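The following explanation leads through the structure in steps, from its contacts with nucleic acid to its interior. Please keep the sequence and the coordinates at hand.

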2 protein chains.
Amino acid sequence: MSNPFIRKLERFGLLSEADKEILLSVTTKVRRVGAQQDLISEGDPTDGVHLIQKGFACRYKVLPEGARSIMAYLVPGDLCDLHVAVLGRMDHSIATLSACEVITLSREVIEEITVNYPAINRALWWSVLVDEAILREWLVSMGRRSAEQRIAHLLCELLVRLQAVGLAVDNSYDLPITQADLADTTGLSTVHTNRVLQELRRHELIVFKNRSVNILDIERLKARAQFAPNYLHLEPKRPNGRSQSRDGYGGMIPPI
Amino acid sequence: MSNPFIRKLERFGLLSEADKEILLSVTTKVRRVGAQQDLISEGDPTDGVHLIQKGFACRYKVLPEGARSIMAYLVPGDLCDLHVAVLGRMDHSIATLSACEVITLSREVIEEITVNYPAINRALWWSVLVDEAILREWLVSMGRRSAEQRIAHLLCELLVRLQAVGLAVDNSYDLPITQADLADTTGLSTVHTNRVLQELRRHELIVFKNRSVNILDIERLKARAQFAPNYLHLEPKRPNGRSQSRDGYGGMIPPI
DNA sequence: CGGCATTTTGACAATCGTCAATCAGTGTGG
DNA sequence: CCACACTGATTGACGATTGTCAAAATGCCG
């Protein structure tokens, strides 16, 4: 069973068979979307929550002069807009980077799950908070890391995230995005992005060809990027699997 | 009653008298902390949640070579570490920028509030999500705005946030931080930060003296910074105050 | 009046951006 | 099978923004 969504949530807390069943049952209706399509636009009201099943999407904003800023990558297993369900209005847009398979979870489904399946609810909120942690790390990259470190760091992060959902083997993974996308993610120009990638290739750290990344020397790449994966909060599940809730702060997690 | 915490939460949803009472009752024991003190350090486990009552604090990380990156400002009314209560471990540190008054809410208090006061619980999660939105906007600034725009944007944001808790009058507010702090926030060097501030002063947009910001022409400053406050989600409260929960996605917000 | 943190300056260098071609890969229609 | 068109990658020349270093000026506090 290679459902990336379930696979991801399992890393954030043990799920029961019933949990997995309900998750499977609500993630059957897949919609195919081409590349470069908006899934949700800034200002849109909420009409359900989108789940990426296959492909890459991103959160982004476009500034008045046309510059684009990509603030997050959404990979298989990621929910795009759980927060909108709470805040009520999008303050940014979400678009596919590659062709994607997307599942829309209706408002009712989300409520059903979060109210009646506390373990899933916890895992969902955990994932929201991890997204926030990723955002913080990206901010550090933008503020205090060189262009090369930024790109290297991002490639390390994607490796770990994709491994977590079984989409990376042998330190290689599909990265179906253009250098221009990478540039808008790292705050660089496309030209400079290109040169940095060449530099990384010259040092035999990575190869990024055919929309696929191959990391040749992960240890050296991590070192160069100062990559420490703790912010992804993917440590092994806690040993004392006290079923659901009420361990620690379990009780204070609200249904969405 | 000038409790910034209550004032802030009220902007995110109507609170009943009982809500306000419980909030007041748990925010009495204030601890005074000097400037430049760590409130929580990376890796720390959770031992309650910290609330800034007075003064400025920040989230930050320090990179191996010593560079510091400030990822958030915590102003009066802000909770520092609600997420740690869920994630269990800090992936960054929090320190005071100025002398502060801090309140520690114990694990028990948080659980009591979030389980039994759904309106407060909702407002708390709302504030977590707004923090995330701020992070996204900062990322945009770092990636695609010039040094001048970054600083101008930050000053606009702080005006709005401080106005929301009654700490700004006449487009002026206390900003008890140094230019070095500002530099670590915007990803610039202190030298360049200084020059940009002079530039803004020369254009008669702001004065930043004596740890106090005076915005001389807010409209012009906003225009220059491309500041649009929608990401702060401070719009007027929804008119149909259907008491608690179950309006929209109210039901899916978990107690923390 | 020191002593220390912070701000300000100047000279210079490095990183990174812009502009404008060129090259390469892919897909299409003839 | 090839010309053509299109998107994306790559290059070179040049310029702008921003960083570094080191010193001087200013402000604050005991």
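**Contacts with DNA and the protein interior**

Asn194(B) places a polar side-chain atom 2.4 Å from a phosphate oxygen of DNA strand C. The model is a predicted one, and this distance, like the others below, is computed from it. Two further residues of chain B make contacts of this kind: a polar side-chain atom of Gln179(B) lies 2.7 Å from a phosphate oxygen of DNA strand C, and an N or O atom in the side chain of Gln198(B) is 2.5 Å from a phosphate oxygen of that strand. The elements that contribute two or more residues to the surface near DNA strand C are helix 6 (147–164) and helix 8 of chain A, together with helix 8 of chain B. Of these, helix 8 of chain B gives the most, with five residues.

The surroundings of DNA strand C comprise 17 residues, and the closest are His192(A), Gln179(B), Asn194(B), Arg195(B) and Gln198(B). Of the atoms of DNA strand C that come within 4 Å of the protein, 67% belong to sugar and phosphate. Sorted by class, the surface near this strand has eight polar, five charged and four nonpolar residues.

DNA strand D can be examined in the same order. Here a polar side-chain atom of Gln198(A) lies 2.4 Å from a phosphate oxygen, and an N or O atom in the side chain of Gln179(A) is 2.7 Å from a phosphate oxygen. Arg211(A) has a polar side-chain atom 3.5 Å from a sugar or linking oxygen of DNA strand D. Helix 8 (190–202) of chain A and helix 8 (190–202) of chain B each supply at least two residues of the surface near this strand, and the largest share, five residues, comes from helix 8 of chain A.

In total, 17 residues surround DNA strand D, the closest being Gln179(A), Asn194(A), Arg195(A), Gln198(A) and His192(B). Sugar or phosphate accounts for 66% of the atoms of DNA strand D within 4 Å of the protein, and bases for the rest. The surface near this strand has nine polar, four charged and four nonpolar residues.

The interior comes next. In soluble globular proteins, nonpolar side chains tend to be buried together. The largest nonpolar core of this model has 152 residues, and those with the most contacts inside it are Tyr73(A), Tyr173(A), Tyr73(B) and Tyr173(B). Beyond its neighbours within four places in sequence, Tyr173(A) is in contact with several residues, among them Leu155(A), Leu162(A), Val213(A) and Ile215(A).

Helix 4 (residues 107–116) of chain A has Ile110(A), Glu111(A), Ile113(A) and Thr114(A) as its buried residues. Their cover includes helix 2 (17–26), strand 3 (49–54), strand 7 (100–105) and helix 5 (118–144) of chain A.

The cysteines merit a separate look. No disulfides are found over all chains in a search of the whole structure. Cys100(A) is in no disulfide, and the nearest cysteine sulfur, that of Cys80(A), is 8.3 Å away. Cys100(A) counts as buried because its relative accessibility is 2%; Cys156(A), at 1%, is likewise buried.

Two backbone details remain. Gln36(A), in the loop between strand 1 (30–33) and strand 2 (38–40) of chain A, has a positive phi near 60° although it is not glycine. Its relative accessibility is 48%, so Gln36(A) counts as partly exposed. Gln226(B), in the segment after helix 9 (218–225) of chain B, also has a positive phi, near 55°. At 18% relative accessibility, Gln226(B) falls under the 20% limit and therefore counts as buried.

Note on methods: Residues are numbered from 1 along each chain as its sequence is written. Chains are lettered from A and ligands numbered from 1 in the order in which they are written. This is a predicted model: local features need pLDDT of at least 70, side-chain atom pairs count only at pLDDT 80 or more; totals for chains, interfaces and linings use all residues. Side-chain values use heavy atoms; hydrogens and water are left out. A nonpolar core is a set of buried Ala, Val, Leu, Ile, Met, Phe, Trp, Tyr and Cys residues joined through side-chain atoms within 4.5 Å. Buried means under 20% relative accessible area, exposed over 50%, partly exposed in between (1.4 Å probe, protein chains only). Contact means heavy atoms within 4.5 Å. Helices (H or I, at least four residues) and strands (E, at least two) are DSSP runs, numbered from the N terminus. A residue is near a molecule or strand if one of its heavy atoms lies within 4 Å of it. A polar contact is a pair of N or O atoms within 3.5 Å; within protein, one must be able to donate a hydrogen and the other to accept it, and residues adjacent in sequence count only if both atoms are side-chain atoms. Ala, Val, Leu, Ile, Met, Phe, Trp, Tyr, Cys and Pro count as nonpolar, Asp, Glu, Lys and Arg as charged, and the others, Gly among them, as polar. A disulfide is a pair of cysteine sulfur atoms within 2.5 Å.
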